[in-house]
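Reader: I'd like to learn how to read a model with several chains. Could you walk me through it, a feature at a time?

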Amino acid sequence: MDFSQILPALPGLWQGMALTLQLLILAVLGGVALGTLIALGRLSHHRLLASAAKLYVNYFRSIPLLLVISWFYLVVPLVLQWLTGNPSPVGPFTSCLVAFVMFEAAYFAEIVRAGIQSIPKGQAGAAYAIGMSYGQVMRLVILPQAFRKMTPLLLQQSIILFQDTSLVYAVGLMDFLNTARSKGDIIGQPDQFLLLAGAVYFVSSFAASALVKRLQQRLAI
Amino acid sequence: MSKSFKLLPAAVLAFSMISVSSAAELTGTLKKIKETGAIVLAHRDAAIPFSYLDNDQKPIGYSWEIANAVAERVSKELNMPSLVVRTNLVTAQTRIPLIQNGTVDLECGSTTNNVERQRQVDFSVGIFVTGTRLLTKKTSGVKDFADLKSKNVVTTAGTTAERLLKAMNADKQMDMNIISAKDHGESFQMLQSGRASAFIVDDVIEAGLMTISKNPSEWAITGKPQSVENYGCMLRKDDPAFKKVVDDAIKDLYKSGAINKLYAKWFLHPIPPKGLNMNFPMSKELKALIAKPTDKPAESL
Amino acid sequence: MSAMIRINNVSKWYGEFQVLTECTTQVAKGEVVVVCGPSGSGKSTLIKCVNALEAFQKGEIIVDGTSVGDAKTDLPKLRSRVGMVFQHFELFPHLSITDNLAIAQVKVLGRSQDEATEKGLKLLNRVGLKAHAHKYPGQLSGGQQQRVAIARALSMDPIAMLFDEPTSALDPEMINEVLDVMTELAQEGMTMMCVTHEMGFARRVANRVIFMDRGQIIEDCGKEEFFGSPRSERAVQFLSKILQH
Amino acid sequence: MPGGRLECGHARAYLEDSMNYHWNWNVFFQPTGIGKEIYLDWFVTGFGWTVAVALVAWVIALAIGSVLGVMRTLPDSKATSFASAYVALFRNVPLLVQLFVWYFLVPDWLPESAQTWFKQDLSPTTSAYISVVVCLALFTAARVCEQVRTGIQALPKGQSHAALAMGFSRVQIYRHVLLPQAFRIIIPPLTTEFLAIFKNSSVASLIGLMELLAQTKQTAEFTANIFEAFTLATVIYFVLNMSLMKLMGRVEDRLRVPGLMGGK
């Protein structure tokens with residue numbers, strides 16, 4: 001196999017990787033934030049809120065990510081247009097980002113929920129006993145402890161998300177994989193560029209997993 | 001990713017006299033462009049030489065330049081010298097929904113103007129005329145559509161060729177196995193790797209793809225053209241003001257003769273990425289279209 | 001008297017750490033030997049070496065004329081002839097009591113399902129649990145489970161039985177029901193090697209007592225001698241601690 | 001819904017005017033123009049392919065994943081490292097990349113005669129189907145492997161000791177003692193993987209296999225009733241997922257051992 005064309009293509013590939021990472025970081029931040037709210041909803045004593053949160057999680061865990069991405073790219077702008085009466089360009093990046101945030105929030109929510117539930121009930125009791133409000137109990141006592149415990153799991157899920165970002169291929173967003181594919185097509189070496197993409201994903205995910213494992217061991221002590 | 005660049009300030013103030021004077025009177029796409037300060041042009045990734053990506057992942061091509069001519073016209077008419085041009089990659093399958101849902105404002109690529117699509121979007125006056133034929137290895141023995149009985153054939157999802165092929169398969173009971181690949185590049189890869197005996201799509205696209213193959217001389221375009229495909233630029237339906245700007249821009253290209261230079265650049269000269277020449281002289285149908293621009297659907301030509 | 005189990009100079013290490021040091025003893029046919037000692041003394045490890053659940057690096061163990069450490073030995077076959085009872089019973093929780101009793105007979109000895117079930121039920125009756133045949137291990141008390149485990153070992157018609165602290169995971173009120181079964185077994189002439197802290201059982205049933213400490217066999221003598229006049233200081237200390245309970 | 005136009009005529013007319021969208025929930029019963037099919041037939045076909053991909057891939061994944069999971073618990077370090085390497089490889093490369101490798105690259109590595117057979121004698125649907133099934137099976141096997149390993153390692157060591165002591169061979173121990181218990185423990189995480197394989201099968205749409213998502217997109221494109229098409233697909237996936245979850249709950253109940261793990 002002739003890999004000679006890869007070196008000159010690297011700057012272009014890096015642009016794709018930059019987009020992938022941008023998408024990843026924003027989606028993780030957004031997903032964890034939304035996921036935390038949903039987890040709090042699921043654990044709430046408000047029945048309506050709890051079942052709405054549960055429905056959200058079940059809904060997004062039931063449908064393929066590819067379908068969600070297509071929804072947000074092709075259909076949601078249409079809905080916005082009905083609401084505002086104007087063409088509402090969302091753009092591929094934003095619509096994919098929103099799709100990932102909404103989708104991953106369902107998965108992050110389950111991790112956060114388990115994290116919160118793993119904190120002994122006595123902690124909340126003690127915090128209420130010294131006069132804290134619900135918000136203070138969560139913000140100052142429960143969530144800091146829970147997040148420490150679940151950081152490895154959240155990171156693990158983020159590595160999965162890193163790989164899942166490649167699905168934006170379906171809507172033609174020029175992420176790392178799509179850039180590699182498209183460059184490979186133009187240059188006439190699709191196989192080489194595909195293997196390169198696979199290798200890059202492998203090395204980065206593998207290294208990240210190893211780091212998470214070490215972090216997990218350190219947190220376990 | 002959308003890249004943007006600013007058009008050079010066009011100092012043709014005279015145009016602003018005849019153009020729409022204030023944003024308040026604008027409607028539809030023009031209003032949106034005025035408000036957002038940007039126009040979003042769609043492009044394809046391997047519709048060679050109409051709209052595709054060069055080595056730097058920048059859109060180029062015959063239709064792409066037409067789209068930019070439109071953008072320039074818009075910037076003059078709206079008196080927006082710093083109009084931002086955004087780009088958005090589309091596939092054959094996503095281009096119509098993306099026009100409809102407002103993600104892109106104009107798609108000049110290799111989109112056939114037909115009755116079916118006119119129910120969903122509007123088209124500019126035609127920019128190219130071609131027909132669906134088949135691309136195959138010279139040694140494959142395939143000469144015409146009849147030879148495709150029980151064969152593996154590939155086409156691109158979302159194209160008029162796909163519908164034509166599927167309908168032909170059902171009507172004539174040809175027992176073809178049809179692969180619908182995501183875009184032309186992938187279709188051609190299927191053909192090159194030997195998984196399909198023929199690639200069915202517009203002949204000009206076939207000629208364009210041949211320029212990126214490892215060995216262009218082993219391919220042949222053959223078969224009786226199955227349809228007349230006249231390409232147009234797609235825009236949102238029922239937006240006469242914008243359509244007029246688009247049509248005027250294209251008609252200007254025709255009237256001024258600039259179209260001949262543009263045609264020669266993409267069809268009669270070496271083109272990126274490999275520097276091969278398609279040698280695809282202008283057909284009499286296209287000449288007729290340029291002489292008498294129309295936005296009628298393919299069926300009525 | 002022919003030795004059913006002969007242990008010669010057995011040493012074992014976990015990496016750097018030596019868990020058994022030149023242990024030598026034997027168990028004659030029909031003999032009941034109790035192995036005792038403080039926790040971590042290596043007694044469980046020693047008994048697990050007898051049926052090769054633990055490997056040892058030096059010395060040899062001969063069971064009924066077969067060398068356990070020999071690479072050519074058919075270990076499954078040897079093990080199937082030696083019954084073993086564990087501290088935590090180790091019944092198979094996903095199988096009913098009947099199946100627990102029958103499975104090894106069918107899969108290892110090749111008996112028919114009917115024959116194996118019949119034999120199992122007979123032994124279940126013997127340990128007084130016939131009524132529980134259709135239950136699952138999780139539905140029985142600890143003492144009942146251990147009695148089933150003994151019946152399961154007996155179903156293989158063993159030539160000897162190894163007991164690894166069979167009563168130490170049991171609630172006090174259940175210990176006797178298990179010891180009674182073991183006593184009965186001893187009286188019928190079964191060759192037995194028992195790691196246990198039940199000194200009452202040792203006094204009543206054992207022929208010999210082995211005392212281990214830090215991987216070594218310190219005392220190996222008749223029970224009268226062991227309980228009457230132990231020679232080593234460590235055995236005296238151990239006995240005084242354990243008998244105070 | 002033939003009466004729909006009357007019921008919410010005003011709102012609908014407004015929407016249609018404002019954005020040229022022609023609501024039509026009847027669209028699924030309209031002819032596609034290809035053969036005698038209506039659009040609903042496409043969804044049925046697509047659903048069939050989704051199930052055919054997911055179920056077959058699942059059976060293979062379960063078999064390979066179990067073998068790998070067992071390998072990771074064996075004392076033999078070669079077996080363990082092989083299984084670990086497998087898991088690392090298949091878990092750290094995106095599914096889509098794996099699919100492209102199986103679909104575009106691997107066939108080219110076959111010997112000449114097999115290549116001809118795979119690329120030309122097989123229909124493209126069959127060859128795409130094989131690629132997708134192999135891809136999903138091997139991808140999911142890595143996940144199943146990790147679950148099986150966790151399940152086996154969760155069992156007390158005494159279980160295999162007891163089985164060894166009765167003369168079971170290693171194969172018999174796994175077959176009769178360890179795996180039946182391990183699988184019961186890991187039914188919930190395996191259920192998650194089982195559901196995931198149905199969802200993941202949608203990547204097949206990207207290599208032209210006309211499963212549910214591909215048929216949805218095609219319907220959307222042919223009819224322009226994109227909203228209706230996507231809604232139907234979503235409903236189908238949602239109902240499928242919920243039914244499978246119920247089914248697996250039943251399986252779990254059925255396999256529950258009395259007196260153990262919350263059993264009665």
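Author: Happy to! Let's begin with a pair of chains: chain D and chain A bury about 3,400 Å² between them, with 76% of that area on carbon and sulfur atoms. Please keep in mind that this is a predicted model.

Reader: How many residues does each chain bring to that contact?

Author: Chain D gives 37 residues and chain A gives 34 residues. Of the four pairs of chains that touch, chains A and D have the most contacts.

Reader: And how many salt bridges are counted between chain D and chain A?

Author: The count there is zero. There is, however, a charge over a ring: the charged end of A:Arg181 sits over the ring of D:Phe100, 4.7 Å from its centre.

Reader: Which residue forms a salt bridge with A:Arg181?

Author: That partner is B:Glu186, and the closest N and O atoms of the two are 3.3 Å apart. Between chain A and chain B the count is one salt bridge.

Reader: How much area do chain A and chain B bury between them?

Author: About 2,400 Å², of which 54% is on carbon and sulfur atoms. On the side of chain A, 23% of the area buried against chain B comes from A:Leu74, A:Pro87 and A:Ile186, more than from any other three residues. The contact as a whole takes 31 residues from chain A and 27 residues from chain B.

Reader: Where does chain C lie relative to chains A and B?

Author: No contact joins chain C to chain A, and their closest C-alpha atoms lie 24 Å apart. Chain B and chain C have no contact either, with 50 Å between their closest C-alpha atoms.

Reader: Let's turn to aromatic rings. What describes a pair of them?

Author: Two things do: the distance of the centres and the angle of the planes. Over all chains of this model, the count comes to 42 aromatic pairs. Take D:Phe28 and D:Phe43: their ring centres are 5.5 Å apart and their planes stand at 90°, so this pair is edge-to-face. The two residues are 15 apart in the chain, with D:Phe28 in the loop between helix H2 (9-19) and helix H3 (39-73) of chain D, and D:Phe43 in helix H3.

Reader: Is D:Phe28 buried or exposed, and what about D:Phe43?

Author: D:Phe28 is buried, and D:Phe43 is buried too. Now try D:Trp117 and D:Phe118, an aromatic pair with 6.3 Å from centre to centre and 55° between the planes, which is tilted. Here D:Trp117 is partly exposed, because its relative accessible area is 44% and the partly exposed class runs between 20% and 50%. D:Phe118 has 8% relative accessibility, so this residue counts as buried.

Reader: Which residues of chain B form an aromatic cluster?

Author: One cluster is formed by B:Phe50, B:Tyr62, B:Phe128, B:Tyr231, B:Tyr263, B:Phe267 and B:Phe280. Chain C offers another ring to look at, where C:Arg203 lies over the face of C:Phe227, 4.6 Å from the ring centre.

Reader: What does UniProt list for chains A and C?

Author: In chain A, an unreviewed UniProt entry lists "domain: ABC transmembrane type-1" at residues 17-212. That stretch of chain A is 83% helix and 0% strand, with its end C-alpha atoms 21 Å apart. For chain C, an unreviewed UniProt entry places "domain: ABC transporter" at residues 5-239. Those residues of chain C are 38% helix and 26% strand, and the end C-alpha atoms are 26 Å apart.

Key: Residues numbered from 1 in each chain as written. Chains lettered and ligands numbered in written order. Predicted model: local features only at pLDDT ≥ 70, side-chain atom pairs only at ≥ 80, totals over all residues. Heavy atoms only, no water. Phe/Tyr/Trp six-rings, centres within 6.5 Å; stacked < 30°, edge-to-face > 60°. Helix = DSSP H or I, 4+ residues; strand = E, 2+ residues; numbered from the N terminus. Buried < 20%, exposed > 50% of the residue type's maximum accessible area, 1.4 Å probe, protein only. Lys NZ or Arg CZ within 6 Å of the ring centre and 35° of its normal. UniProt positions renumbered as here; feature names shortened; annotations may be inferred. Contact = heavy atoms within 4.5 Å. Buried area = accessible area lost by both parts, 1.4 Å probe. Salt bridge = Lys/Arg side-chain N within 4 Å of Asp/Glu carboxyl O.
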